[in-house]
Amino acid sequence: MSAYPNNQSSPSRIESAVEKEDAALVNACRKGDDRAWDTLVERYQRLIFAIPRRAGLSDEQAADILQEVFLTLFQKIEEIKQPERIRSWLVTTTKFKTWAAFRNSRGFYAPETEEEMEHEMASLKDDSPLADQMLVELEQQHLIRTALQKLEERCRTILSMIYLSDTAASYADVAAEIGVGETSISPLRARCLKKLEKVLENK
Amino acid sequence: MRDHDGVAKIMQTEQIIHLMRRDDSVDAPQDAIAWSKNIFRTRVTAPEKTLVQRIFATLQIDLAPGKAAFGERSASALKARQLLYVADDAAVDIRISDFAGRLDIHGQILGGGYEYSKIRLFDDGHSLETASDDLGEFQFRSAAAGSYTMTITSEKKEIVIQNIDLH
């Protein structure tokens, strides 16, 4: 169910601002750069961890899958043909491993080949835990979080407190946190949202 | 539709807000993140290929000043202390003489292949550099007392002489 009448997910509007960075990170990893690998792990751990959790697996199972995904990436990093699309590779790999764990936890034999897995997953219903729409949303949220990191600290604080916390902070709380008057929060919020959009649009 | 762009803009902003509000993701456990990072450090890296073969020299002779080498007449005994090192198929003859409290070092690399080599004499606080000539001879002047390492670097080999005690 979408909050928008036309069920818009608009992935084309939320462009990846990090594909070039991702390609640079993968290429640096191929040259043995430890810090590039650490950055890649930090950048994608939350997205990878979110997929099995959203599918209904426990935190422990999700952590296992996270480690399996990065182990697979480590083993196959030289074979990835499009480094700039590493996000898609990670999401797909996580999806497969989540599906295998999901089936195992229910006593089903795991599909023997990736083709069988793909066939099964293609028949998933739209409201199933691993439906494409769910994964698109998780990826978009990942892109927004990544873009948020590129803003200055004040904007990060304002937008995180208002929109990302479990209980949305009041303007009074936000004002106290950043040390401004409460009436300043609304225009500041609007300005920070504009900056976030510019980052997401690669401007 | 003049307002089309404005409507589209509002929808984009609203969509971003909507996605942020629905974001219930959390960071993975720190130990899982640390494990994932450490995988990379377990990779086996091939040792760097080096064109220079390193050879550690061994001391064969250490003659104090005034002492003749075996078979020499005492009259020909040097005023300098003599050290002789062997490194593979080469030998390094080092003579250390004391000149008004400062130490001069004359040396020669015997065996060929070390002409015009870079020679470095260093310890924690000092570093001196010179080069050998066409006869493999070299010298350092006014070195301070101490325990040094000497490296003699040719195109393909490096002789390392450790614990040269200058006094």
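A residue counts as buried here if 20 or more other C-beta atoms lie within 10 Å of its own, and as exposed if 12 or fewer do. Keep that in mind, everyone, as we will need it shortly. And one more thing before we start: what you see is a predicted model.

Let's begin with a strand that uses that definition nicely. Look at strand E6 of chain B, residues 118-122. Which of its side chains point to the buried face? Ile119(B) and Leu121(B) do. Lys118(B), Arg120(B) and Phe122(B) point to the other face, and these three are not buried. So you can walk along E6(B) and watch the side chains alternate.

Now, who are the neighbours of E6(B)? On one hand there is strand E7 of chain B, residues 127-131, joined to E6(B) by 5 bridges and running antiparallel to it. A hairpin of 4 residues takes the chain from E6(B) to E7(B). On the other hand there is strand E9 of chain B, residues 146-153, which is also antiparallel to E6(B) and is joined to it by 5 bridges.

Ile119(B) is a good residue to click on. Its bridge partner in E7(B) is Thr130(B), and in E9(B) the partner is Ile152(B). Then move along to Arg120(B), whose bridge partner in E7(B) is Glu129(B).

How many of the 5 residues in E7(B) are buried? The count is 0, and E7(B) is hardly covered.

Let's zoom out to the sheet these strands belong to. It is an open sheet of 5 strands in chain B, in the order E1-E10-E9-E6-E7, and its pairing is mixed. Why is one side of E1(B) and of E7(B) left without a neighbour in the sheet? Strand E1, residues 53-56, and E7 of chain B stand at the edges, and each has a single partner strand, so one side of each stays free of a neighbour there. From one strand to the next, the twist averages 20°.

For a parallel pair in this sheet, look at E1(B) and strand E10 of chain B, residues 157-166, which pair over 4 bridges. Within that pairing, Phe56(B) has Val160(B) in E10(B) as its bridge partner. If you are new to sheets, here is the background: strands pair through backbone hydrogen bonds, either parallel or antiparallel.

Chain B has another sheet to show you. This one is open too, with 5 strands in the order E2-E3-E4-E5-E8, and the pairing is antiparallel. At its edges are strand E2, residues 58-63, and strand E8, residues 137-143, each pairing on one side only. Ignoring direction, neighbouring strands here are turned by 15° against each other on average. Inside this sheet, 7 bridges join strand E3, residues 81-87, to strand E4, residues 90-99. As an example, Tyr85(B) stands opposite Val92(B) in E4(B).

Let's step back to chain B as a whole. It holds 2 helices and 10 strands, and from the N terminus on, both helices come before the strands. Of its 167 residues, 21% are buried.

Next, how do the two chains meet? The contact takes 23 residues from chain B and 28 residues from chain A. Helix H1, residues 4-22, and helix H2, residues 30-41, of chain B each supply at least two residues of the side that touches chain A. The largest share of that side comes from H1(B), with 9 residues. By type, the residues on that side of chain B divide into 11 nonpolar, 7 polar and 5 charged.

Finally, the cores. Which residues touch the most other members of the largest nonpolar core, which has 31 residues? They are Ile48(A), Ile51(A), Leu66(A), Val69(A) and Leu90(A). Several helices of chain A, among them H1, H3 and H4, together with H2 of chain B, each supply at least two residues of this core. H2(A) gives the most, with 9 residues. Take Leu66(A) as a case to look at: its contacts include Ile48(A) and Phe49(A), and also Ala28(B), Ala32(B) and Ser36(B). Apart from this core lies another, of 21 residues, and Ile119(B) is among them, along with Ala87(B), Ile159(B) and Ile164(B).

That brings us back to our starting point, where Ile119(B) points to the buried face of E6(B). Thanks for listening!

Key: Residues are numbered from 1 along each chain as its sequence is written. Chains are lettered from A and ligands numbered from 1 in the order in which they are written. This is a predicted model: local features need pLDDT of at least 70, side-chain atom pairs count only at pLDDT 80 or more; totals for chains, interfaces and linings use all residues. Two residues are in contact if their C-beta atoms, placed from the backbone, lie within 7 Å. Ala, Val, Leu, Ile, Met, Phe, Trp, Tyr, Cys and Pro count as nonpolar, Asp, Glu, Lys and Arg as charged, and the others, Gly among them, as polar. Two strands pair if DSSP finds at least two bridges between them. Axes are lines fitted to C-alpha atoms, for helices over the stretch in contact, and angles run from 0 to 180 degrees between N-to-C directions. A nonpolar core is a set of buried Ala, Val, Leu, Ile, Met, Phe, Trp, Tyr and Cys residues joined through C-beta atoms within 7 Å. Lists of a residue's contacts leave out its neighbours within four places in sequence.
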